Amino acid sequence: MTIEPSRRHSTRAPGRVLLALLAALAVLGAACAQGSPAISVANARTPEPAMADLAAVYLDLANDGDGDDALVAAETDHAADVELHETVVEDGVATMGEIEEIPVPAGETVELTTGGLHLMLIDPEPLAPGDAFDLTLELAESGTMDVEVEVVDAAEAGGHNGADHGDHDDEGHDADED
Ligand SMILES: [Cu+2]
C-alpha cells in the first residue's frame, strides 16, 4: 500500500493548482481594475414642437465613480426607435449622424444638449409641453436605468426644432420636407 500516499497527493494537486490560479487571477484583476462607474442622470428633457417624425432628447450624464462608462443605447415606448446622435457643424452647416456610443469617463459629466450630442426619438408619439415619458438608457458598464423625460417648450430648451436637422435626409431618416 505504498501507492496510497501518491494517489492522495495526485488527487489534491488539482485543488492546489486551482487555488494558485485563482490567487493569480485575483492579483491580475486587482492590477487591471479601474473601479466602477456611478452614473446619474439629470435634466432629461425634449423640446417641443419638434419635427413630426423626430424629437431630440437632452440630458446630463454624470459619472461620480472611478470607472469609465458609456451610453450605448436607449429605448422608450414613446417612439419607434431611439438613436444616439451627434451634431457637427462644418462650414456653418449643421449635420448630424448616428454614433455608436457616448463615452461617460470617470469623474466627468457629459451634457447632451443643443448643437452637440443628443438622443433622437424616431417617430415619437405626439408630445406637448408639460407631458413626461419614461426612457430607458443602456450603459456599457452600469446596465440599464430608467429616466423620466420632461417635454418642455422649445424656446426654453434652447430649441432643436429643425435648425439642426436641415440635412437630415442625408443621414437616412425619412424626413417629410414640405
Ligand atoms: Cu438628431
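Of the 178 residues in this protein, 26% count as buried, meaning that 20 or more other C-beta atoms lie within 10 Å of the residue's own (12 or fewer makes it exposed, anything in between partly exposed, and C-beta atoms are placed from the backbone). Keep in mind that this is a predicted model: local features need pLDDT of at least 70, side-chain atom pairs count only at pLDDT 80 or more, and totals for chains, interfaces and linings use all residues. Numbering starts from 1 along each chain as its sequence is written.

Walk along the chain and you meet the pattern α-β-β-β-β-β-β-β-β-β-β-α, that is, two helices and 10 strands. Helices (H or I, at least four residues) and strands (E, at least two) are DSSP runs, numbered from the N terminus.

Now for the inside. The largest nonpolar core has 29 residues, and A56, V57, L71, L119, L121 and L135 touch the most other members. Such a core is a set of buried Ala, Val, Leu, Ile, Met, Phe, Trp, Tyr and Cys residues joined through C-beta atoms within 7 Å. Strands that each supply at least two residues include β3 (69-75), β8 (117-124) and β9 (132-139), but the largest share, seven residues, comes from β2. Leaving out residues up to four places away in sequence, L71 touches L61, L84, E101, I102, V104, L137 and L139; contact here means C-beta atoms, placed from the backbone, within 7 Å.

The backbone has some quirks too. A cis peptide bond joins E48 and P49, with omega about 0°, and P49 sits in the loop between β1 (39-48) and β2. In strand β1, N43 has a positive phi near 65° without being glycine.

Methods. Contact = placed C-beta atoms within 7 Å.
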